[in-house]
Amino acid sequence: MKKLFITLIILCCTISTLIRITDEYQNKAIEIAVRYEDLLLISKQQDIAISKVIDEFKNLGITTIAAKPQDLDKNFTNLNIIPIINNESFEYRDNFSHVFFENTIKNDWAMHYGVCLVEFFTQIPYPANFKYARLFTDATVKNISTPNRVNRYKLALEERTNRIFIFTLDQSGVDSLKTDIKLFINDVTNNGFYLSSHGLHSIRATLIRSNLIISFLQGIALLLAIIWPVLVIYKIAFGNIKNSYAIIYFLKICSTTTLGAIAISCILNFANFRLGINSFRGVKVAYILPIFLIAIIALYRSVKTNSYIQNIKQTLTLYIFINYFKKNWLLLISLTLIAGIILYLFIIRTGNSQITLLEQNIRQYLDLLFGIRPRTKEILIGHPALICGLYYKKAKYLGLVIGTIGQVSIINTFMHLHTPFIVSLHRTIIGIFFGGLLGIILILIFRVMNQWIKKHE
């Protein structure tokens with residue numbers, strides 16, 4: 001019965017993932033838009049008729065004009081129109097694309113045309129059975145983490161499944177706007193996407209309209225995201241491991257975590273999560289709690305008495321730390337500072353918050369190096385620490401605790417359902433390979449250093 005249950009879960013997850021991959025592969029149509037208010041400004045600045053300005057941008061390849069209600073009666077021949085609506089009314093037209101609602105969504109308009117899910121802007125408290133399309137524009141982005149506009153829009157396309165893009169006139173000027181539109185269109189069309197004036201691909205996934213069901217699925221996914229990495233590390237890494245098999249155990253842990261992450265993502269494989277209407281909840285809890293639980297297990301395993309009750313008691317009272325750090329207070333301060341830095345960089349900084357200039361440069365470099373940026377938590381911290389912990393018995397528990405960061409990062413990667421599955425898988429594989437490689441390099445460095453120290457004692 002147990003084998004049958006596991007087989008059914010694997011079968012369901014496989015079918016669900018294959019359907020998602022196929023649907024994402026077919027979702028290649030995009031719309032490129034500019035705002036009519038920007039075109040009017042260009043017309044005035046350059047003293048050119050608005051019709052000629054529109055023709056210039058049509059020749060660049062735009063498919064769509066984003067316009068407010070007072071401009072919807074203008075003649076935009078052979079172009080889609082995205083109405084930008086607050087609370088105004090407007091007449092129905094055949095060439096309207098999805099509606100950009102700046103305020104409350106109007107059901108009749110949304111039902112007729114569909115809704116622009118504007119990234120970092122649109123909030124939908126109660127999902128309804130409308131047509132949806134993810135839209136990206138700089139106008140709604142508070143914290144810009146990628147300085148180059150073309151790269152920024154490409155990331156929004158390839159990694160976050162946006163399909164409508166509104167380019168805005170900014171301080172860089174008209175020439176820069178035209179150049180960026182041209183470069184963006186050239187790049188994306190060379191990578192399998194195509195410009196559409198006849199509608200976008202609709203995601204083939206069920207939309208859940210009950211907030212109760214959504215909350216239930218989010219709760220189950222969060223619970224499994226906490227339990228799974230802890231269970232994997234406990235079952236595989238806490239036994240007796242020969243250091244010569246450290247790489248094999250590292251790959252076993254990472255692959256098992258990845259398979260579990262894929263299975264958990266299937267729980268959220270609905271239109272709500274793939275469109276970003278709803279999202280995985282409890283990201284920070286899913287990062288902190290597994291690390292804390294592995295630390296407790298490691299502490300318990302390091303306390304050696306003849307009584308389980310005494311083990312638990314000493315673990316809960318941090319007996320081992322109190323006795324050890326009585327004579328090593330400087331080491332305690334150093335580890336506390338290191339832990340604080342890691343906590344800030346890799347847990348508190350998790351999410352879409354503003355990032356530093358250094359982080360921007362690192363991200364750009366990793367994007368250029370790998371094509372898809374791997375998680376820095378994995379390649380610089382989690383995976384190297386895990387492989388070192390598996391290799392060095394004296395540093396095993398410390399390595400496993402820090403190494404948990406890499407495993408929860410893998411889980412978190414697949415919880416971004418608006419990111420294409422192949423992108424998440426590619427990112428994870430890159431992280432495992434280069435994080436493991438860095439771990440091997442660190443082991444070799446430590447071995448050379450150890451041999452040199454022994455030689456000169």
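**Exercise 1. The surroundings of Arg134**

Determine which residues Arg134 is in contact with, leaving aside its neighbours within four places in sequence.

*Solution.* Step 1. Contact means heavy atoms within 4.5 Å. Leaving aside neighbours within four places in sequence, Arg134 is in contact with Leu117, Glu119, Arg160, Thr161, Asn162, Arg163, Ile164, Arg274, Leu275, Gly276 and His418.

The structure is a predicted model, in which local features need pLDDT of at least 70 and side-chain atom pairs count only at pLDDT 80 or more, while totals for chains, interfaces and linings use all residues. Residues are numbered from 1 along each chain as its sequence is written, and side-chain values use heavy atoms, with hydrogens and water left out.

Step 2. Arg134 is placed in strand S6 (residues 132–137). Helices (H or I, at least four residues) and strands (E, at least two) are DSSP runs, numbered from the N terminus.

Step 3. Arg134 has a relative accessible area of 7% and is buried. The classes are buried (under 20% relative accessible area), exposed (over 50%) and partly exposed (in between), with a 1.4 Å probe and protein chains only.

Step 4. The side chains of Arg134 and Glu119 are joined by a polar contact of 3.1 Å. A polar contact is a pair of N or O atoms within 3.5 Å; within protein, one must be able to donate a hydrogen and the other to accept it, and residues adjacent in sequence count only if both atoms are side-chain atoms.

**Exercise 2. From Arg160 outward**

State where Arg160 lies and which side chain its own side chain meets in a polar contact.

*Solution.* Step 1. Arg160 belongs to the loop between helix H5 (149–158) and strand S7 (164–167).

Step 2. Its side chain makes a polar contact of 2.6 Å with the side chain of Glu119.

Step 3. Not counting residues up to four places away in sequence, Arg160 touches Glu119, Phe120, Arg134, Phe136, Leu155 and His418.

Step 4. Arg160 and Thr419 are 259 residues apart in sequence, with a C-alpha to C-alpha distance of 4.7 Å in space.

**Exercise 3. Three loop residues**

Classify Asp47, Phe120 and Ser210 as buried, partly exposed or exposed.

*Solution.* Step 1. Asp47 sits in the loop between helix H2 (36–46) and helix H3 (50–60). Its relative accessible area is 72%, so Asp47 is exposed. The phi angle of Asp47 is near 55 degrees, a positive value in a residue other than glycine.

Step 2. Phe120 occupies the loop between strand S5 (115–118) and S6. With a relative accessible area of 43%, Phe120 is partly exposed. Phi of Phe120 is near 65 degrees, again positive in a residue other than glycine.

Step 3. Ser210 lies in the loop between strand S8 (194–195) and H7. Ser210 is partly exposed, at 29% relative accessible area. Ser210 and Pro127 are 83 residues apart in sequence and 7.9 Å apart in space, C-alpha to C-alpha.

**Exercise 4. Helix packing**

Describe how H16 packs with H17, and how H15 packs with H16.

*Solution.* Step 1. H16 (residues 396–414) and H17 (residues 421–455) pack at about 165 degrees, their axes 9 Å apart. H16 is therefore roughly antiparallel to H17. Axes are lines fitted to C-alpha atoms, for helices over the stretch in contact, and angles run from 0 to 180 degrees between N-to-C directions. Angles under 35 degrees count as roughly parallel, over 145 as roughly antiparallel, 65 to 115 as roughly perpendicular and the rest as oblique.

Step 2. The contact is made by Ile410, Thr413 and Phe414 of H16 and by residues of H17 including Phe421, Leu425 and Arg427. By class, this contact of H16 with H17 has five nonpolar, three polar and one charged residues. Ala, Val, Leu, Ile, Met, Phe, Trp, Tyr, Cys and Pro count as nonpolar, Asp, Glu, Lys and Arg as charged, and the others, Gly among them, as polar.

Step 3. H15 (residues 376–391) and H16 pack at about 140 degrees, with axes 7 Å apart. The two helices are therefore oblique to each other.

**Exercise 5. The chain as a whole**

State how many helices and strands the chain has, and what percentage of its residues is buried.

*Solution.* Step 1. The chain has 17 helices and eight strands.

Step 2. Of its 457 residues, 47% are buried.
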